[in-house]
Each structure stands twice: as C-alpha cells, then as structure tokens.
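This report looks at how two chains are arranged with respect to one another, and then at two helices in one of them. Please keep the sequence and the model in view while reading.

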Number of protein chains: 2
Amino acid sequence: MAIADANNLQQYCIDVAGRAREASRELAGVSGEVKNAWLAESARRLREQEAQILAANEHDLAAAPGYGLSGAAVDRLRLSTERIDAIAVGLEQVAALADPVGEVIESSVRPNGLEVLKVRVPLGVIFFIYESRPNVTADAAALCVKSGNAVILRGGKEAAHSSRAIVETLAAVAVEVGLPADAVQLVETTDREAVGHFLSLSQYIDLAIPRGGESLIRRVAAEAKMPVIKHFSGNCHVYVDADADLEMAQRIVVNSKCQRMGVCNAAESLLVHANVASELLPKLGADLARRGIEIRGDARTRELVDAASEASDEDYRTEYLGPTISVKVVGTLDEAIQHIASYGSQHTESIVTNSLNAAREFVARVDSSAVMINASTRFNDGFEFGLGAEIGISTDKFHARGPCGLKELTSYKYVVYGTGQVRE
Amino acid sequence: MAIADANNLQQYCIDVAGRAREASRELAGVSGEVKNAWLAESARRLREQEAQILAANEHDLAAAPGYGLSGAAVDRLRLSTERIDAIAVGLEQVAALADPVGEVIESSVRPNGLEVLKVRVPLGVIFFIYESRPNVTADAAALCVKSGNAVILRGGKEAAHSSRAIVETLAAVAVEVGLPADAVQLVETTDREAVGHFLSLSQYIDLAIPRGGESLIRRVAAEAKMPVIKHFSGNCHVYVDADADLEMAQRIVVNSKCQRMGVCNAAESLLVHANVASELLPKLGADLARRGIEIRGDARTRELVDAASEASDEDYRTEYLGPTISVKVVGTLDEAIQHIASYGSQHTESIVTNSLNAAREFVARVDSSAVMINASTRFNDGFEFGLGAEIGISTDKFHARGPCGLKELTSYKYVVYGTGQVRE
C-alpha cells in the first residue's frame with residue numbers, strides 16, 4: 001500500500017492500532033473452542049491455498065536480489081509444499097495447547113468470606129516486529145491470538161508478499177469462525193517510520209516484541225513507550241567442574257557448541273577446572289578441532305590444546321554464533337562463577353559435575369534465564385521445556401524470562417466474590 | 001551530603017548503584033532466617049533508638065514550614081512513640097511472611113528425563129522513589145530485602161533526617177546479622193538531578209518504583225531506562241445492576257466512596273441500572289449528601305436526587321480523591337461496561353447484582369486490576385487480598401497488576417537437572 005505522506009502514515013498507524021484495541025476487547029471473551037477452530041481451519045486453508053501462497057512467495061524471491069539478500073537469507077525466505085505444511089502443523093500444535101485465558105492462578109478465601117481469585121487474562125494488543133521469514137508470520141499470529149491478544153504484525157519487506165498471502169488467509173478464516181476481523185493485522189507499508197509511530201502508541205498497544213538482529217531490538221527497546229520483551233545475546237558457558245564425568249563433559253560441550261551454531265542457546269565459552277584440564281582439554285580440543293571449531297584460550301589452554309590460539313578479553317565477551325569457542329582454565333568454582341558474572345549475558349549456563357555442593361552453589365549464584373546441571377545448553381527452548389511453541393527467549397528478568405510461550409503473553413486480574421462485604 | 005558538581009553527582013550515583021548491584025549478588029543467596037533476623041532486630045532497635053529518631057524527626061518538622069508543607073503533610077511527617085512502634089510492627093509483619101525466594105513455581109519431568117524447575121529469584125536492584133512519609137522508608141526496605149533485592153531509597157527532602165535515622169539503624173543491623181552492608185542505601189543528596197542519573201543506570205538497576213503524585217510517576221515512567229511499576233489514577237466505579245439487593249448496594253456504594261476518600265481504591269463514579277434508579281437513587285443520594293458528598297449526575301440522576309448538580313464529561317474522567325461522586329443512569333449492563341471502558345482507569349470496579357449472568361459478563365469484560373462482585377472497591381489492597389504488606393498497586397498489566405507484595409518483586413529462572421542429556 002502506498003501511504004501518501006507523513007500525516008497519512010501516522011493516521012494509518014493510529015487506525016490500525018485502534019482497530020486492534022477494539023478487537024482485543026472482543027477477543028478477551030472468545031472461547032478456546034473458537035480460537036482452536038480458527039487455528040485448525042487456517043491450517044487446512046493454508047495447505048489448500050498452497051498455489052496462491054507459492055505464487056506470492058515467487059514475487060518475494062524475484063525481488064530478493066534487489067534487496068541484496070544472501071543465499072542463506074533467500075533460502076529462509078523460500079516456501080515449498082513441505083514448508084507450508086510445516087507452518088500448518090505449527091498452527092495445529094498451538095491449537096493442541098491448553099488455553100491459558102481464564103486459568104485461576106491462585107485463590108484464597110479471606111477471613112471475612114471474600115473469595116479472591118487471581119485469573120489469567122490476555123495482555124491486549126501485541127506489536128510484533130520481525131525479519132523476513134514467512135513462517136514467523138503464522139507462528140506469531142497463532143500464539144498471540146490463542147492467548148487472547150490482538151496482534152499487529154510488522155514483517156520485513158523482503159517477505160511482504162508471502163506474509164500478506166498468509167495473513168489474508170488467517171484473517172478470512174477469523175471472520176468465518178467468529179473472531180474479530182482485526183485480531184490479526186499486517187502493517188501494509190514497509191515505511192520504517194511506521195515502526196516509530198506504532199512504538200509511540202502505548203494507549204493502544206500493550207507489548208512490543210522485536211525478533212531479529214540486535215540493532216532492531218535496541219532500536220525498539222529505546223523507542224517503545226510500552227513494555228518490550230527483549231532477546232539480546234546469548235553468550236552461553238559450559239563449566240566443567242573438578243568432580244565431573246569427563247566423557248559426559250565432552251559430550252555436553254560438543255553438543256552445546258556444535259549441534260546448531262547460529263542460535264542463542266549454543267555455547268560460546270568453556271570453563272574448565274584446573275584439576276581436570278590436563279585430562280579433558282587435549283581430547284576435547286582435538287574433538288572440537290576435528291569438527292572445524294576454532295579454539296581461543298588462555299595460556300594453560302594453549303599448553304594443552306595444540307590448535308588453540310590466544311583468547312582476548314573481547315573473545316570472552318563474544319557471542320560467535322559460529323565455529324569458534326573461547327576457553328579458560330579456572331582454579332575454583334568461585335572463579336568460574338565470577339567469570340560468568342563478568343562476561344556472560346545471563347542467557348544459559350551449564351555445569352558438568354558429580355558434586356551436589358558444586359551443583360547447588362552454581363545454581364544459586366549463576367543469574368541466568370536457565371541454569372543446567374549435566375545437560376546441554378541447547379535445551380533452553382520452549383518446546384524442550386514443555387511450554388509448547390515459543391515466541392522468543394527473553395533475556396530480561398521482568399514479566400518473562402527465558403522461553404516465552406502462551407502464558408508469557410498474558411496478564412492477570414483479581415476477581416473477588418463477596419456477599420455484601422464492606423471495609424471497616 | 002554536599003555533592004560538589006555535576007560530574008561528582010553522576011559518579012556518586014554510579015557508585016551507589018554499583019554497590020547495590022554487588023550487594024544484590026550476595027543477597028540472592030542469603031537465607032530467609034538471616035533476612036528475618038534483620039527484620040526482627042531492626043524492629044527492636046528502632047524502638048530502642050526512639051529518642052534519636054524523634055530528635056531527627058524534630059529537625060524535619062522544624063524545616064517543614066520552609067518547604068511550605070500543609071498541616072496534613074506536616075502530620076504525615078510527624079513521628080511519635082506510637083508511630084515508631086507501628087513502623088517496627090510493620091517490619092515484624094514482613095518477617096512473618098513466607099520467603100518468596102527459592103519457591104518452585106512450576107516443574108515437570110520431560111520425556112528425556114530432564115527435570116525442569118521454574119524457581120523464584122530476586123529481581124536484583126530496586127530504585128524506590130517516594131514522597132515524605134518516613135514510615136515508607138522502613139516498609140520499602142523491608143519488602144525489597146525480604147524478597148532478596150538490594151534497594152536504593154530516594155525519599156523526599158522533607159523527611160531527610162527522619163529517613164536517614166531509620167536507614168542508619170537498618171543498615172547497622174544488616175551488617176551485624178550478616179547481610180551485605182549495601183543491601184539498603186539512602187540517596188544522600190536531595191538534588192533532583194540524581195533521580196535522572198539513577199533512572200539511566202539500567203545496567204545496575206532492575207526496577208524503578210515511584211510512589212507519590214502523578215507528576216512524579218509520569219516523570220519516572222518517561223525517563224527510566226529500566227522497567228517501572230507504575231501506579232496511575234484510580235477512577236473506580238460501582239455499578240448497581242437491575243437485579244441487585246438495593247440495601248447491599250447502598251452499603252457498598254457508601255463504603256466504597258466514604259470509608260477513606262483520599263486513596264486510589266475509593267469509588268469516584270456510580271452507575272445505576274435504569275430499572276432500579278428510581279428506588280435506589282433518592283435514598284442513596286440523600287445518604288451520600290448527609291455524609292457531605294457532592295453528587296454530579298446526568299439528567300435522570302438530577303430528577304431523582306435533589307442535591308445533584310450536572311456532571312460534565314470531564315467529571316466522569318475525574319479521580320476526585322475527595323467528597324465528590326459522579327453518577328450516571330444506564331439502560332443496560334452493556335452500557336455500564338462500555339462507560340467503564342471509556343472513562344475508567346482499569347483500577348477497581350464493582351458490580352452489585354444477584355444475577356449470575358450479569359456477574360459473569362461483568363467479570364469477563366471489565367478489564368481492571370480487580371473486579372469485585374457484591375463487595376466494596378476498598379478491598380483492592382495487598383493486606384485485604386492476603387498478600388501481606390504491599391509496595392503499591394500497579395495499574396499496569398505487565399509483570400505485576402494490582403497490589404504488589406513480595407512475589408511481585410521477584411523474577412524466576414529455569415533450573416534443569418540432567419544426567420548427561422544432549423540435544424539430537
């Protein structure tokens with residue numbers, strides 16, 4: 001859509017947000033049955049309308065060179081029969097999750113007979129800003145609406161046609177099953193100014209969720225007048241304790257680093273207790289090197305691992321998201337914990353140990369969204385934790401921490417039943 | 001304390017916040033026993049040091065005319081044996097509350113054997129900005145530290161000496177019982193610029209809580225780079241349904257409006273179903289008028305209540321915090337709900353009804369922090385809900401809504417116990 005001038009753009013954003021607010025009021029009272037019917041029928045319809053969606057995707061693919069997209073980015077943009085089916089399966093999985101709305105989280109009967117219930121309710125309107133993967137369009141819409149929220153989707157221009165085709169299907173089905181028409185809206189302009197307008201509309205929008213590179217997230221966090229669920233970097237550590245099963249340690253380090261390298265819960269740094277360094281590091285270093293991982297370590301690491309180069313202070317701060325790992329030999333558990341406090345990003349840390357005391361101290365003192373004992377860092381994930389699909393992993397401590405599923409998209413209210421009580 | 005120049009002031013704020021961050025790391029691992037010992041011994045010591053605290057309070061009272069404080073404000077500032085005892089009792093009450101830290105909120109065992117625990121942890125560092133009541137100094141410190149957080153207290157200059165005397169006692173006891181010395185810090189300057197510096201230090205401070213007038217809260221919300229628990233206005237409604245016990249309705253309206261008028265959960269607006277208006281309003285209007293309440297109503301209200309004057313649109317938006325109430329006669333429950341959505345502040349709304357359907361619809365559609373059925377709005381309060389002491393009532397929907405007690409000052413982390421699991 002062409003937005004003629006700056007005033008029209010602002011008015012467009014206000015209109016979209018205002019309609020979302022209206023829709024959210026209606027959505028809060030919609031039954032789980034209707035929301036699930038929407039998800040199931042949308043899944044069916046996406047498969048049925050495969051041809052139209054692939055045609056829209058062809059438009060985006062044709063434009064991709066003009067946007068300077070790399071081969072990997074073009075691959076992420078590309079849809080296929082299998083990928084459309086995967087999107088539909090994602091909707092069906094969200095339908096299978098319990099409806100969070102209306103859950104009584106806590107309750108008590110007060111001495112004066114008042115019944116106080118704390119009841120889960122939707123947040124209201126969510127503004128979701130993301131980059132160019134068309135499947136995210138459907139995932140985000142499903143999670144927001146299932147949790148009773150209206151959603152405003154602002155996708156990357158690179159996937160504009162694909163996202164529009166998907167949202168048109170979701171919105172058409174919404175009306176058919178009895179959801180408000182504006183439960184799911186796609187921002188129909190790629191103008192960057194629009195994001196700024198939406199981020200100022202805190203009277204209509206209750207939460208902003210940016211998903212993409214760190215610069216996007218920082219921009220949204222700086223500009224937003226409403227709360228933001230942020231996902232900053234994951235500089236995740238594995239610490240191998242003095243009292244560790246070293247075969248388990250090797251397996252966990254290799255999995256944490258190598259199983260998928262471009263993701264936030266992959267390990268970027270290894271800390272090894274001095275007592276086990278000479279036994280563990282030569283073997284583990286060779287294993288990692290064989291898998292193409294570059295090892296950057298302190299002096300002791302370089303004595304023990306032939307392939308290791310020198311780690312700078314900056315290395316210990318870096319989320320590589322690729323085939324590099326920083327390594328440090330530490331004298332004590334306390335030193336490991338201090339290192340993590342100084343260099344970590346509070347995302348995911350793992351200890352490998354057989355010592356109950358070491359495990360308990362690590363758990364108590366490491367302030368990360370997930371602390372693992374004898375398990376790969378890669379498990380910090382909504383599916384792996386049993387939350388169902390996730391909309392992101394929060395690196396904040398306020399409202400939501402770690403994987404954000406349906407519950408993290410809700411608030412609560414107190415509902416109080418009385419029989420005429422007044423306060424003395 | 002005199003802060004020589006702007007650079008020194010900024011450095012002072014950074015030092016205070018940095019020390020609070022260090023203290024918070026230690027505090028997160030302190031047992032409930034030690035925190036309770038601090039509260040109990042602080043209570044004892046405040047009573048013992050009554051003479052010194054009253055002397056400090058005399059300094060503040062002597063300076064009060066210079067700050068232009070009104071009689072009511074001077075009364076709120078004044079301490080006495082009874083009021084110091086009440087502060088001490090408040091600390092003892094917080095000691096009696098369960099320690100929220102370490103609570104396992106949820107847990108599951110995954111199919112692969114991973115044990116996933118969601119464990120309550122402190123937020124970290126709280127910056128608390130409040131006006132001139134000395135008792136708030138002790139209350140806020142108690143709640144923040146009991147929930148495992150370090151606190152930076154910024155009180156009003158009018159109570160500077162009293163607050164310092166209280167904090168010196170709390171801090172001295174902290175060191176004696178084994179809490180970090182910087183668990184509780186008072187900002188030792190009344191320079192307004194200091195607030196701005198603290199609000200920028202999101203690397204050290206996890207949460208800001210302003211308590212005071214709306215302009216203070218708006219300033220903090222606008223400037224803070226960290227999350228804020230806000231408490232905006234309470235434009236609370238009582239709706240008397242067509243199917244209501246009218247004696248109960250009268251009792252609830254009178255209590256909601258008159259029991260304490262200057263507080264956020266007092267009723268400011270009354271909505272009456274047309275079917276019962278002619279029976280209820282003449283009697284209720286006379287009752288309110290006899291209690292000195294000014295009634296501003298729509299045309300129908302003015303027909304039924306002699307003393308009523310005309311209500312403007314602005315009246316329906318106003319939180320009077322005093323002896324005035326706006327009244328409107330509505331044709332339907334839906335009209336009442338729409339009115340509340342348009343004019344309310346999402347704080348506290350009450351319905352008086354015998355109809356299950358009306359109660360359920362009101363609860364489902366009114367989006368307020370507390371929705372009461374057949375009870376006074378005045379019950380929206382941490383003590384009344386059984387949360388124990390509260391640090392405020394949040395009008396936000398993110399993280400904390402309604403009364404904020406100990407749990408609302410916490411976050412959580414995932415703790416995952418494995419036996420060597422890696423991700424396939």
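## Basis and symmetry

Copies are superposed by least squares on the C-alpha atoms of residues with pLDDT of at least 70 in both. The model is a predicted one, in which local features need pLDDT of at least 70 and side-chain atom pairs count only at pLDDT 80 or more, while totals for chains, interfaces and linings use all residues. Residues are numbered from 1 along each chain as its sequence is written, and chains are lettered from A and ligands numbered from 1 in the order in which they are written.

A turn of 180° with a shift of 0.0 Å along the axis lays chain B on chain A with an RMSD of 0.0 Å. The two copies are therefore related as by a two-fold rotation axis. Among the residues of chain B, His399(B) comes closest to that axis, its C-alpha lying at 1.9 Å.

## The interface

Taking residues to be in contact if their C-beta atoms, placed from the backbone, lie within 7 Å, 52 residues of chain B are in contact with 52 residues of chain A. At least two residues each on the side of chain B that touches chain A come from helix H10, helix H15 (356–365), strand S13 (370–375) and strand S16 (410–421) of chain B, where helices (H or I, at least four residues) and strands (E, at least two) are DSSP runs numbered from the N terminus. S16(B) gives the most to this side, with 11 residues.

Strands pair if DSSP finds at least two bridges between them; strand S16 (residues 410–421) of chain A and S13(B) do so in the parallel sense over five bridges. Within S13(B), Ala375(B) stands opposite Gln421(A).

## Helix H10 and Ala249(B)

Helix H10 of chain B covers residues 246–258 and includes Ala249(B). A residue is buried if 20 or more other C-beta atoms lie within 10 Å of its own, exposed if 12 or fewer, and partly exposed in between, with C-beta atoms placed from the backbone; Ala249(B) counts as buried because it has 26 C-beta neighbours inside 10 Å. Leaving aside residues up to four places away in sequence, Ala249(B) touches Val240(B), Ala244(B), Leu280(B) and Val352(B).

## Helix H7

The buried residues of H7(B) include His161(B), Arg164(B) and Leu170(B), and what covers the buried residues of this helix includes helix H2 (32–48) and strand S4 (150–154) of chain B. Just after H7(B), Gly178(B) takes a positive phi of about 105°.

Notes
Two residues are in contact if their C-beta atoms, placed from the backbone, lie within 7 Å.
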